[in-house]
Amino acid sequence: MPEQAIAFPKHVQEKLLQEASESLIHIVARPPQVMLRGQGSYIWDAAGRKYLDFVQGWAVNCLGHSPRVLVQALSQQARTLINGSPAYFNAPMIELARELTTHSALDEVFFGSSGAEANEGAVKLARRYGEKHLHGAHEIITTWNGFHGRTLTTMAASGKAAWDALFEPKTPGFIRVEYGDLEALKQRVTKQTCAVMVEPVQGEAGVILPPAGYLEGLRALCDERGILLILDEIQTGMGRLGSLFGYERFGVVPDIMTLGKGLGGGFPVSALLARRTCSVFSPGDQGGTFCAQPLAMVAGLTVLRELIKRNIPKRALQRGEYLRKCLRALSVEFGFTEVRGMGLLVAVELSSECAAAVSQAAFQRGLLLNAPRPSTLRFMPALTVSNTEINAGLEILSDSLRSVSA
Ligand SMILES: *Cc1c(COP(=O)(O)O)cnc(C)c1O
């Protein structure tokens, strides 16, 4: 695609920003730029400025911005059938369920639109299982700093201490323990416990890897106690960790798994997958107006087929290794205290709490980068990112780090 700068005149940009401040509920501090279009690893704002994008929606555009296959599949489906109603089958719904269950260790699927919706479904399913098979056990053990979404239930499941006082009363029945501490978790399992719910790698917490043996230990514990293991793979699934699903990297199969983010390659779609033995919803227990609508299903199908056809998870593994190698080399100059990650979910720990300033400096220089913690930078580029783009990004990062330390 030619790099012609498509831009809005200055007065149009100003009008948009004015209207934004008047009409949008202020939920997050956004810079005064309006994003206009994207292609691959790049995004352009309304002034025509180009940014290398290592945020990619929020780890959702796994094939980059507006990949041709997705554009074609969505346009074709939009012409054919946008919404056939959740009350009826549609072909893409069945095909995507078929492909997800063929390529994963799980058997049945429910589709939603957001990650939080899939996780709500997982909580409901685990409680239903508790009701049917565990004498009404309903508690779910989750972890501190875990992130599962922003509905009242998924906020309660998340382990953000700052959220505890918000919007009370939230859904009860969640017990939080330290991530990575198998013993602590074991001690909290009671007759009331129906499930354990964790991220294979904690994403929003700043890319926290599980200690060796942790997920295997959780699997063994759940088997021993007859409770369910729920893996929230909304961030780690769909190739991000260098395998199609994150659990493959650990050799641990969950009873329930949730997918979101990368599943639609930017289009909102999520999935709740379950093993046959714990797929215990009865008709009427679960649903949604937008569940399994054809446009979302086609997005998921296209992304899944593309990941498999082009062996993209393996490519993400190699690119991730390259990115970490380059970051470790930069560490000599900038004294990072840690470079960590798996596949293309990568973070660096800075030696001081200047991550937000670095991310802002990078934005000024044309690189989008996330700072999930005061001293942590997170990289979640497209899984199709090239080594050249990684090099370009790290050059901007280096300039930004120098400017902040100066
Ligand atoms: C992003 C995320 C969610 C929430 O997904 P939404 O689509 O924002 O509702 C849940 N769990 C994990 C691990 C996530 O990264």
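# A tour from loop to sheet to pocket

Select His-135, which lies in the loop between helix H5 (115–133) and strand S5 (139–143). Helices (H or I, at least four residues) and strands (E, at least two) are DSSP runs, numbered from the N terminus. His-135 has a positive phi of about 55° although it is not a glycine. At 84% relative accessibility, His-135 counts as exposed; the cut-offs are under 20% relative accessible area for buried, over 50% for exposed, and partly exposed in between, with a 1.4 Å probe and protein chains only.

A note on what is on screen: residues are numbered from 1 along each chain as its sequence is written, and side-chain values use heavy atoms, with hydrogens and water left out. This is a predicted model, in which local features need pLDDT of at least 70 and side-chain atom pairs count only at pLDDT 80 or more, while totals for chains, interfaces and linings use all residues.

**Stop 1: from S5 to S7**

Move along the chain from His-135 to S5, then add strand S7 (residues 193–198). S5 and S7 run parallel and are joined by 3 bridges. Two strands pair if DSSP finds at least two bridges between them. To see one contact, select Glu-139, whose bridge partner in S7 is Thr-193. S7 itself is mostly covered, with 6 of its 6 residues buried.

**Stop 2: S8 and its two neighbours**

Next select strand S8 (residues 228–232), where 5 of 5 residues are buried. Which way do the side chains of S8 point? Leu-228, Ile-230 and Asp-232 point one way, Leu-229 and Leu-231 point the other way, and all are buried. In a regular strand the side chains alternate between the two faces of the sheet.

S8 runs parallel to S7, and 4 bridges join the two. Met-197 stands opposite Ile-230 in S8, and Val-196 stands opposite Leu-229. Now add helix H8 (residues 214–225): S7, H8 and S8 make a right-handed β-α-β unit. Right-handed here means that, with the strands pointing away from the viewer, the path from the first strand over the helix to the second runs clockwise.

Then add strand S9 (residues 256–259), which pairs with S8 in the parallel sense over 3 bridges. Ile-230 turns up again here, standing opposite Ile-256 in S9.

**Stop 3: the loop before H9, and H9**

Select the loop between S10 and H9, where Val-280 is found. Val-280 is buried, with a relative accessible area of 9%. Show Gly-130 as well: Val-280 and Gly-130 are 150 residues apart in sequence, yet 9.9 Å apart in space, C-alpha to C-alpha.

Ala-292 is in the loop between S10 and H9. Ala-292 has a positive phi of about 60° although it is not a glycine, and this residue is buried, with a relative accessible area of 9%.

Helix H9 covers residues 294–309. Is H9 enclosed or open? Of its 16 residues, 13 are buried, so H9 is largely enclosed by the rest of the structure. At 1.5 Å a residue, the 16 residues of H9 should span 22 Å, and the end C-alpha atoms are 22 Å apart, which agrees. The expected span is 1.5 Å times one less than the number of residues. Just after H9, select Asn-311, which takes a positive phi of about 55°.

**Stop 4: a cis peptide bond**

Go to Pro-169, in the loop between helix H6 (152–157) and strand S6 (174–177). The peptide bond from Glu-168 to Pro-169 is cis, with omega near -5°.

**Stop 5: a sheet of four strands**

Select S1, S2, S3 and S13, an open sheet of 4 strands in the order S1-S2-S3-S13, with mixed pairing. Its edge strands are S1 (35–39) and S13 (367–368), each of which pairs on one side only. Between strand S2 (residues 42–45) and strand S3 (residues 50–53) the pairing is antiparallel, over 3 bridges. Ile-43 has Tyr-51 in S3 as its bridge partner.

**Stop 6: the second largest pocket**

Finish with Met-93, Glu-108, Val-109, Phe-110 and Phe-111, which lie nearest the centre of the second largest pocket among its 28 lining residues. Helix H4 (91–103), strand S4 (108–112) and strand S10 (270–274) are the elements that give two or more residues to this lining. H4 gives the most, with 5 residues.

Notes
1 Å grid on protein atoms, 1.4 Å probe; cavity = no way out; pocket = protein on both sides within 12 Å on 5 of 7 lines; lining within 4 Å.
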